[in-house]
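Q: Please take a close look at one part of this model, a single helix, and then set it against the rest of the chain. A plain account will do.

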Amino acid sequence: MTAAPGTHNTSTSLMHKRAISAFHAQAHEEDQRESARRYVSIAAAVAAVGGLLFGYDTGIIASALIFVTQTFSLSTTGQEWVAASLNIGAIFGAVFSSPISDRWGRRPAIMAAAVVFIAASIGCGLAPNVAVLICARLGLGIAIGATTQIVPVYVAELAPASRRGGLVSLFQLVFSLGLLLAFFVGYKLAGSAESWRAMFMLGALPALLLAFGMLFLPESPRWLLHNAQEQHAVSVLYRLRGHKDVVRDELDEALVVRTGEHNEGDWKILKQKWVRPALIAALGIAAFSQLSGPNVIVYYAPIILSQAGLGHSAALLTSVSVGVASTITTALGIALIDRVGRRRMMLVMLPLAALSLFVLGAIFISSAPLSGVRLALMIVSLLGYIFFNFGSLSVAVWLVASEVFPLIIRSKAMGLASATVWFSDTVVSLITLSLVEALGTTGTFWLFGGVNVAAFLFIWKYVPETAGTTLEYIEESLRHGNFYKIHKNR
């Protein structure tokens, strides 16, 4: 139901007066911007531990699946369903966590996801059969899907515009650290057929860290402002910005956008024409971030490489190098993304990711065991793909989606973008080994190389540059039909 115009204007005016009154009541002259900068960094780093959960349980399946297969005598289809069950749960977690985030706040929603993750990790480790394991991994997926929806939005709403890219992308960096940790744990624990149980149960530790850390962090000031908690919102803004002039500027810009909001029925806003460019950009990047093949390497590299002639130990060790490469690449991307820009990084790096996959596919044309120059070239191409894909799409996917949507629908729209990531990842998880059987290793890598080319063309046409712009400016550009011109105007 749409509120009557008079009711909306009255409530908006009262909200504006309360916010300005709270600002004047808390205004002080001390310049605390340096301590505020550190506080924002700490808050972003703690929240980004959600990415560690995401990375660890995404990566640990690559090592555990070999031993799970031995324990339960899994077929190819069984392997795909064990891997994909997390993704299916994540689709539901991403969508259904957004009402919780909107109703109760970003902070409580993140803590609830961490608790679910702890219980599901223990359930995976104790699973007596494959059915229970799949159910437990569905629970893991629900928790991970929730964190991928909530954490980027939470950090984006905390961060100043000049630092938003790097701070939100910490989520992806910690994801890469989680991958690296998972590959290392998998390599060290590999041995008996039951070693996968300990691999899964160790995932509860970062979830405990996240739940504990969030106890000391603030709620999103934009969520507080949107939920008529103006005094608390201003107080949090002071802690995050450190000076009254900065707080007033950000508060004024947020209030201008808030004044233009109407109480339309949530999801209905996504059907409006002015929101469509944001949907196309965010959902397109979300889909291509997975369809371009990064989790082909993450999930199935050990199995594919084992089938190509490497032993289990060598295949798992190659996965550790994948984790190292993704971590270094993501750290580099975070350092550059606010300077170079999201769009430019993707346009420069995606063609090189495609080239790496084309070379990787060519290496497997021969059925001879990998050795010598071919083995070295395979590793270089594999790491090159990780470098250029993870350094572009994987760094930008959560960031762009957390930036482009208007505040009134940001959480739900981010849930939709996150669900798109997980749905696309599920499709890839379910078909990869079947693709290898149908097309061969060469054809499979070439297919994903073509998808990377398609991603480049999509970004060139539909994704603007959002670096250095405030969330409110992006929203105003959407409302006035200037979304695709953002990078030209700023």
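**A covered helix and its surroundings**

A: This is a predicted model, and the helix chosen is α18, residues 393-404. Its 12 residues reach 16 Å from the first C-alpha to the last, close to the 16 Å expected at 1.5 Å a residue. Helix α18 is mostly covered, with 12 of its 12 residues buried. The buried residues begin with Leu-393, Ser-394, Val-395 and Ala-396. They continue through Val-397, Trp-398, Leu-399 and Val-400. Ala-401, Ser-402, Glu-403 and Val-404 are buried as well. The list thus includes Glu-403, which counts as buried because its relative accessible area is under 20%.

For the chain as a whole, buried residues make up 60% of the 490 residues. The accessible surface comes to about 18,300 Å², and 67% of that area belongs to carbon and sulfur atoms. The secondary structure comes to 21 helices and zero strands.

Another helix that is mostly covered is α20, residues 471-479, where seven of the nine residues are buried. Those buried in α20 are Leu-471, Glu-472, Tyr-473, Ile-474, Glu-475, Ser-477 and Leu-478. After α20 comes Gly-481, which has a positive phi, near 75 degrees.

Helix packing can be followed in one pair. Helix α4 (residues 76-104) and helix α19 (residues 410-462) pack with their axes 8 Å apart, at an angle of about 175 degrees. Angles over 145 degrees count as roughly antiparallel, so α4 and α19 are roughly antiparallel to each other. The residues of this contact divide into 14 nonpolar, 12 polar and five charged.

A single buried position shows how distant parts of the sequence meet. Leu-53 lies in helix α3, residues 49-72. With a relative accessible area of 1%, Leu-53 falls under the 20% cut-off and is therefore buried. Leaving aside neighbours within four places in sequence, Leu-53 is in contact with Phe-117, Ile-144, Gly-203, Pro-206, Ala-207 and Leu-210. Of these partners, Gly-203 is 150 residues from Leu-53 in sequence, but the two C-alpha atoms are 6.9 Å apart in space. Across the chain, among contacts between residues at least 6 apart in sequence, 84% join residues at least 24 apart.

How values were computed
Residues are numbered from 1 along each chain as its sequence is written. This is a predicted model: local features need pLDDT of at least 70, side-chain atom pairs count only at pLDDT 80 or more; totals for chains, interfaces and linings use all residues. Side-chain values use heavy atoms; hydrogens and water are left out. Helices (H or I, at least four residues) and strands (E, at least two) are DSSP runs, numbered from the N terminus. Buried means under 20% relative accessible area, exposed over 50%, partly exposed in between (1.4 Å probe, protein chains only). Contact means heavy atoms within 4.5 Å. The expected span of a helix is 1.5 Å times one less than its number of residues. Axes are lines fitted to C-alpha atoms, for helices over the stretch in contact, and angles run from 0 to 180 degrees between N-to-C directions. Angles under 35 degrees count as roughly parallel, over 145 as roughly antiparallel, 65 to 115 as roughly perpendicular and the rest as oblique. Ala, Val, Leu, Ile, Met, Phe, Trp, Tyr, Cys and Pro count as nonpolar, Asp, Glu, Lys and Arg as charged, and the others, Gly among them, as polar. Accessible areas come from the Shrake-Rupley method with a 1.4 Å probe; for residues, only the protein chains shown count as cover.
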